[in-house]
Amino acid sequence: MKSEIENSLVALLKGVQHFDDEVYQEHRELFESLADGQSPSTLFITCSDSRINPSMITQTSPGDLFIVRNVGNIVPPHGEMLGAVSSAIEYAVLVLKVKHIVVCGHSNCGAMGALCDLNNPKFDAMPTVQRWLRNAEAARAALGPLKAEDAGPETVKELAQQNVLLQLAHLRTHPAVVGALAAGEIALQGWFYDIGSGQVVVIDEQTRQERTVRDVLGDLGVKV
């Protein structure tokens, strides 16, 4: 009798087999066109949460999104914790010449729940997680003092949205982004994705309020 670990591996491998046998064959021309390079339009920064599927949400194809995922969709300010996120931003902006950067938070985010109680002893066993989440700690200021018991759905939603705005501000500390913005070569946008309803809203940086995708498309002259 197979163990749970074996069963999950079998499911993954069967998925790969299905991709090889059917999905790839159906989209062979697309994958062959991508074999020698990429030219994505967007750097999409979102959470590592397994429930988030950027390509499904945006209805995009392989090659359209350059994706960065981490716990809490965090962008450390330039000079802080230089590493994968910073290098991905530089590469996306300076080499791939993306036209957009989207930071997307989401409902029921475990990282945002943890942010309510970062001094909890449970982090003694997760010092790296605790240090990482410090990059989102300033988002709490907009909500006032928070405790562990405050981490309900609405508080987590508000915190996730404030965190999106904070990470957009952090993006503006990265030299590559500053240069591209000054040259009018790039635009930044914050999103919030509600998993249960499937709704995505845009978080307006000026008003700090959410706007519907329909309204934003209207501003861009697109009839929907």
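**Pockets, a cavity and nearby strands**

Visitor: Let's start with the largest pocket: which residues lie nearest its centre?
Guide: Keep in mind that this is a predicted model. In it, 17 residues line the largest pocket. Of those, the ones nearest the pocket's centre are His100, Val102, Gln189, Trp191 and Leu220.

Visitor: What volume does the largest pocket have, and which element gives the largest share of its lining?
Guide: The volume comes out at about 450 Å³. The elements giving two or more residues to the lining are S1, helix H3 (54-58), S3, S4, strand S5 (200-203) and helix H9 (213-219). The largest share is four residues, and they come from S4.

Visitor: By class, how many residues in the lining of the largest pocket are charged?
Guide: Go through the classes one at a time. Nonpolar residues number 13 in this lining, and polar ones four. For charged residues the count is no residues, or none.

Visitor: And the second largest pocket: how many charged residues are in its lining?
Guide: This pocket has a volume of about 190 Å³. Its lining includes Asp204, Glu205, Arg211 and Asp219, alongside residues such as Leu188 and Val202. By class there are five nonpolar and three polar residues, while the charged ones number four.

Visitor: Which element gives the most to the lining of the second largest pocket?
Guide: Three elements, S4, S5 and H9, each supply at least two residues here. The most from one element is three residues, and that element is S4.

Visitor: Now for closed space: about how much lies in the largest cavity?
Guide: Searching the whole structure for cavities of 30 Å³ or more turns up one. Gly72, Asn73, Gly105, His106, Cys109, Met112, Ala160 and Asn163 line the largest cavity. The space inside is about 30 Å³.

Visitor: Which elements give two or more residues to the lining of the largest cavity?
Guide: The lining divides into three nonpolar, five polar and no charged residues. It includes Gly105 and His106, and also Ala160 and Asn163. The elements giving two or more residues are strand S3 (100-106) and helix H7 (153-171).

Visitor: S3 keeps turning up. How many of its residues are buried?
Guide: Buried here means under 20% relative accessible area. S3 has seven residues and is mostly covered. The number of them that are buried is six.

Visitor: How many bridges join S3 to strand S4?
Guide: S4 covers residues 187-193, and S3 and S4 run parallel. One opposite pair is isoleucine 101 and leucine 188 in S4. The number of bridges joining S3 to S4 is seven.

Visitor: And what is the bridge partner of leucine 43 in S3?
Guide: Strand S1 (residues 42-47) runs parallel to S3, with five bridges between them. One opposite pair is threonine 42 and histidine 100 in S3. For leucine 43, the partner in S3 is isoleucine 101.

Visitor: How many of the residues of S1 are buried, and which residue in S2 is the bridge partner of threonine 46?
Guide: S1 is mostly covered, with six of its six residues buried. It also pairs with strand S2 (residues 65-70) in the parallel sense, over six bridges. Threonine 46 has as its partner in S2 arginine 69.

Visitor: One last detour, to helix H1: where is its kink centred?
Guide: H1 (residues 4-26) has 23 residues and reaches 32 Å from first C-alpha to last, close to the 33 Å expected. Even so, H1 has a kink of about 45°. That kink is centred on phenylalanine 19.

How values were computed:
Residues are numbered from 1 along each chain as its sequence is written. This is a predicted model: local features need pLDDT of at least 70, side-chain atom pairs count only at pLDDT 80 or more; totals for chains, interfaces and linings use all residues. Side-chain values use heavy atoms; hydrogens and water are left out. On a 1 Å grid over the protein atoms alone, a cavity is a set of points where a 1.4 Å probe fits but cannot get out, and a pocket is an open set with protein on both sides within 12 Å along at least five of seven lines; lining residues have an atom within 4 Å of a point. Grid points are joined across faces, edges and corners, and a volume is the space filled by probe spheres set on the points. Ala, Val, Leu, Ile, Met, Phe, Trp, Tyr, Cys and Pro count as nonpolar, Asp, Glu, Lys and Arg as charged, and the others, Gly among them, as polar. Buried means under 20% relative accessible area, exposed over 50%, partly exposed in between (1.4 Å probe, protein chains only). Two strands pair if DSSP finds at least two bridges between them. The expected span of a helix is 1.5 Å times one less than its number of residues. The bend at a residue is the angle between axes fitted to the seven residues ending there and the seven starting there.
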